[in-house]
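The following questions and answers concern a single protein chain. Please consult the sequence and the structure shown here while reading.

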Amino acid sequence: MYDDHYGLSGRPFQLTPDPRFWFDTATHRKAMAYLGYGLSQGEGFVVITGDPGAGKTTLMGHLLGTIDRERMNVIKIVTTQLAPNDLLRLVAAGLQIDANDLPKASILSAIERGLHAVARNGQRTLLIVDEAQSLPLETLEELRMLSNFQAGGYPLLQIFLLGQPEFRLTLQDPRLEQLRQRVIAMHHLDSMDADEVEPYLIHRLSCVGWRGKPRFTNDAVAAMYRWSGGSPRRLNQLAGRVLLFGAIEQIETFGADDLATVIADLDNDTPHSAYVPPAPQPVAEEPYELREVAPIPMGSPAPPPAGDPRPLRHDAVQDPMQRIAELEAHMKEQDEALRRVLTLLVDWVESSESKGVRPDLSALRGNAA
């Protein structure tokens, strides 16, 4: 209704995540920089957390739109309370393996063979698990075991975990010490700042053909920020209701009074909808601390050591897409060499193990370098 009234080609504030409406807030730019760093390393775990509606799913959709799917085999799992065996079956399905009637040992063997087959085709396998805060500890441990698969010292699987803030507390469980040691980058998606709300509204409207109508006064934008707390989903919820109200009342410029009317209606519909900042989460008393790792150029010998995280370089924060493009260019050169080496390594390792002989890979490693 309101899209016709304002001459828009679609709904700019739909609640369903859509990468087409990607908007570069400061926190999302930083998250993309960390994800780019993780992809350049090609191993371990990358963890992204955020409150519901912070844009985790949109972030990942945007990332997948930037990578070469011919060189990356992506398996996506959205899960709640997934048992270890069910997780293995979903991973197997992502590798085109029917594991419904197989015992666990056979599923693991089939997954390893499937990962080897992907590597032979010159691809890397990326597993993305959404809603990771719902995973039982046993399932997280199963994920860690899957990350052990490798050929000739090269990892066959990389894992991205997306979850709500409480997932960080889950990771501090002493039973997940080994998994924590494999987290190479971690970032929490914050809410939008107040000065990002107006550009966000204009961006989403422009994606569907906005030509200056409707408009929002400064007071209206401030009211939208106060009610939403800077949450993209809550802002979309409010903006959609505002445009519907405007179409009914024939409003082209929204002021603070219009926002007050719509917000009152929303609060009556859902009495507890007014934004309440999340309460601080207790931090477990541990001798270690999970830290974010700042992105570093490909070819560096190792991720930054433990200690205070390095600050992001200015260019990584300002233009993460250029940073990722540079990483992809380097990765393409390396993958060409790695594709040839992996094929030789996989065949050599498998043939040697079948004969009970442990192969000496030092020569091949020297050639790969």
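Q: How many bridges join β2 to strand β3, and in which sense do the two strands run, parallel or antiparallel?
A: This is a predicted model, in which local features need pLDDT of at least 70 and side-chain atom pairs count only at pLDDT 80 or more, while totals for chains, interfaces and linings use all residues. Residues are numbered from 1 along each chain as its sequence is written, and side-chain values use heavy atoms, with hydrogens and water left out. Helices (H or I, at least four residues) and strands (E, at least two) are DSSP runs numbered from the N terminus, and two strands pair if DSSP finds at least two bridges between them. For β2 (residues 72-78) and β3 (residues 124-130), the bridges number seven and the sense is parallel.

Q: Which residue in β3 does Asn73 stand opposite?
A: Strands of a sheet pair through backbone hydrogen bonds, either parallel or antiparallel. Asn73 has its counterpart in β3, and that residue is Thr125.

Q: Which strands stand at the edges of the sheet, each with a single partner strand?
A: The open sheet has five strands with parallel pairing, in the order β2-β3-β6-β1-β7. One side of each edge strand is left without a neighbour in the sheet, because each has a single partner strand; these are β2 and β7 (183-189).

Q: What is the average twist from one strand to the next?
A: Angles run from 0 to 180 degrees between N-to-C directions, and axes are lines fitted to C-alpha atoms, for helices over the stretch in contact. From one strand to the next, the twist averages 15 degrees.

Q: What is the bridge partner of Thr49 in β6?
A: Strand β1 (residues 45-50) pairs with strand β6 (residues 157-163) in the parallel sense, over five bridges. Within β6, Thr49 has as its bridge partner Gly163.

Q: At about what angle to β6 does helix α6 run?
A: Helix α6 (residues 137-146) lies across β1, β3 and β6. Seven of the 10 residues of α6 are buried (under 20% relative accessible area with a 1.4 Å probe, protein chains only; exposed is over 50%, partly exposed in between). The buried residues include Leu137, Leu140 and Leu143. Relative to β6, α6 runs at about 155 degrees.

Q: Why is helix α3 largely enclosed by the rest of the structure?
A: Helix α3 spans residues 56-64. Among its buried residues are Lys56, His62 and Leu64. The helix is largely enclosed because the number of its nine residues that are buried is seven.

Q: What is the angle at which helix α11 and helix α12 pack?
A: The axes of α11 (residues 232-249) and α12 (residues 256-269) are 10 Å apart. The contact (heavy atoms within 4.5 Å) includes Leu238 and Phe245 of α11 together with Leu259 and Leu266 of α12. The contact residues divide into seven nonpolar, two polar and four charged. The packing angle is about 115 degrees.

Q: Is Asn236 buried or exposed?
A: Asn236 is found in helix α11. Leaving aside neighbours within four places in sequence, Asn236 is in contact with Phe13, Gln14, Leu15, Tyr200 and Arg204. Since its relative accessibility is 6%, Asn236 counts as buried.

Q: With which residue does Lys213 form a salt bridge?
A: A salt bridge is a side-chain nitrogen of Lys or Arg within 4 Å of a carboxyl oxygen of Asp or Glu, and a search of the whole structure finds eight. In this pair the closest N and O atoms are 3.3 Å apart. The pair links distant parts of the chain, 39 residues apart, with Lys213 in the loop between α9 and β8 and its partner in the loop between α11 and β9. The partner of Lys213 is Glu252.

Q: By about how much of a helix are Arg89 and Asp86 separated?
A: The side chains of Arg89 and Asp86 meet in a salt bridge at 3.9 Å, N to O. Arg89 is partly exposed at 26% relative accessible area, and Asp86 is likewise partly exposed at 37%. Because they lie three residues apart in helix α4 (residues 84-94), their separation is about one helical turn.

Q: Which residue meets Arg20 in a salt bridge, and is that residue buried or exposed?
A: The two side chains meet at 2.8 Å, N to O. Arg20 counts as exposed at 62% relative accessibility. Its partner has a relative accessible area of 14% and is therefore buried: Asp18.

Note on methods
Ala, Val, Leu, Ile, Met, Phe, Trp, Tyr, Cys and Pro count as nonpolar, Asp, Glu, Lys and Arg as charged, and the others, Gly among them, as polar.
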